Structures are given as C-alpha cells and as structure tokens.
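This report is meant for a reader meeting the structure for the first time. Please keep the sequence and the model in view while reading.

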Amino acid sequence: MKIARKCFVLCFIFSIFVLSAPINIKYMYAGKYERPALPQDQDTQQTVIVKVNKPMTENEAKQLLQSYPDLKLRYHFQKIFNGFSVMGPSSQIKKNGRKNLH
C-alpha cells in the first residue's frame, strides 16, 4: 500500500511539473502550395455524372448514349437527383462534355 501511495504521489508531482512548464509553440505556415497538373493520357478512363432537368428512365439514358459509342452508362440516378453516370476515354468525355445532351 505504501508503494502504491508513493507511486501516486510521484506521478502527481511529475504531472504538476509537466503541466506547469512553459509551452513555446511556434506556428509555421507553408504559404500557397501549388502543384502542377497531372498529365492525362487521352485513353485514360474517366467517369462523370450527368444531371438532367427532368426525370429520365434508364432506357432513355441508354438511347441518349447510343450516339456516343465510346461512353458507357454506369449508374442511373433517380432518388436524390435526376441523372446518370458515364465512363469513357478522357478525350471523348472532354469532346462530348461541352455538348448539350437534351
């Protein structure tokens, strides 16, 4: 019992000593960090989400994508918003991404 009491007192004194020591904190800021854009291969597969204004069935989305043979339908969204996700080569995504799909 005496050993446990001595250990407790020593730990208590040590914790008071540590907590009362002055803390010297220096902050360092990295500043503005810029990294170069990663090079993208034109054949890299990319996935994008297409949001549409009105509800669209999965079959309607597939029909819409028939004119874009390199793009594949991945998922049809209808609960949170109306749309679908497609996957295809980066070059085709960039080329067809600017077109209005409606």
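## A salt bridge within one helix

Glu-58 has a relative accessible area of 38% and therefore counts as partly exposed. The model in which this residue is seen is a predicted one. Lys-62 is likewise placed in the partly exposed class, because its relative accessible area is 43%. These two residues form a salt bridge, in which the closest N and O atoms are 3.9 Å apart, and a search of the whole structure finds 1 salt bridge.

Both Glu-58 and Lys-62 belong to helix α2, where they are separated by 4 residues, or about one turn of the helix. As a general point, side chains of opposite charge can pair when their charged atoms come close.

## The chain as a whole

The chain contains 3 helices and 3 strands, and these follow one another along the sequence in the pattern α-β-α-β-β-α. Of its 102 residues, 19% count as buried, while the accessible surface comes to about 9,500 Å², with 59% of that area belonging to carbon and sulfur atoms.

Contacts can also be sorted by how far apart the partners lie in the sequence. Among the contacts between residues at least 6 apart, 58% join residues that are at least 24 apart.

## Strands and their pairing

Strand β2, which covers residues 72-77, pairs with strand β3, which covers residues 83-89, in the antiparallel sense and over 5 bridges. A hairpin of 5 residues joins β2 to β3, and Tyr-75 has Ser-85 in β3 as its bridge partner.

Ser-85 also appears beside a residue of another strand, since Thr-47, with which it is in contact, lies in strand β1, made of residues 45-51. Although Thr-47 and Ser-85 are 38 residues apart along the chain, their C-alpha atoms are separated by 6.8 Å. Leaving aside residues up to four places away in sequence, Thr-47 touches Arg-74, Ser-85, Val-86 and Met-87. Thr-47 is partly exposed, because its relative accessible area is 39%.

## The nonpolar core

Which residues make up the largest nonpolar core? This core has 10 residues, namely Val-50, Val-52, Met-56, Ala-61, Leu-65, Tyr-68, Leu-71, Phe-84, Val-86 and Ile-93. The elements that contribute two or more residues to the core are helix α2, residues 58-65, and strand β3. In soluble globular proteins, nonpolar side chains tend to be buried together.

Two members of the core can be followed further. Tyr-68 lies in the loop between α2 and β2, and this residue counts as buried because its relative accessible area is 12%, where buried means under 20%. Tyr-68 and Gln-92 are 24 residues apart in sequence, and the distance between their C-alpha atoms is 8.5 Å. Ile-93, when residues up to four places away in sequence are not counted, touches Gln-46, Val-48, Leu-71, Val-86 and Gly-88; of these contacts, Leu-71 and Val-86 are listed in the core as well.

## A nonpolar patch on the surface

Nonpolar residues are also found at the surface, where Phe-8, Val-9, Phe-12, Ile-13 and Ile-16 form a patch that together has about 500 Å² of accessible area. Ile-16, one of this group, is found in helix α1, which spans residues 2-20. Is Ile-16 buried, partly exposed or exposed? With a relative accessibility of 44%, Ile-16 counts as partly exposed, because that class lies between the 20% limit for buried residues and the 50% limit for exposed ones.

Note on methods
Residues are numbered from 1 along each chain as its sequence is written. This is a predicted model: local features need pLDDT of at least 70, side-chain atom pairs count only at pLDDT 80 or more; totals for chains, interfaces and linings use all residues. Side-chain values use heavy atoms; hydrogens and water are left out. Two strands pair if DSSP finds at least two bridges between them. Patches are made of residues with over 30% relative accessible area and no salt bridge: like charges are joined within 9 Å, nonpolar side chains (Val, Leu, Ile, Met, Phe, Trp, Tyr) within 5 Å. Accessible areas come from the Shrake-Rupley method with a 1.4 Å probe; for residues, only the protein chains shown count as cover. A salt bridge is a side-chain nitrogen of Lys or Arg within 4 Å of a carboxyl oxygen of Asp or Glu. Buried means under 20% relative accessible area, exposed over 50%, partly exposed in between (1.4 Å probe, protein chains only). Contact means heavy atoms within 4.5 Å. A nonpolar core is a set of buried Ala, Val, Leu, Ile, Met, Phe, Trp, Tyr and Cys residues joined through side-chain atoms within 4.5 Å.
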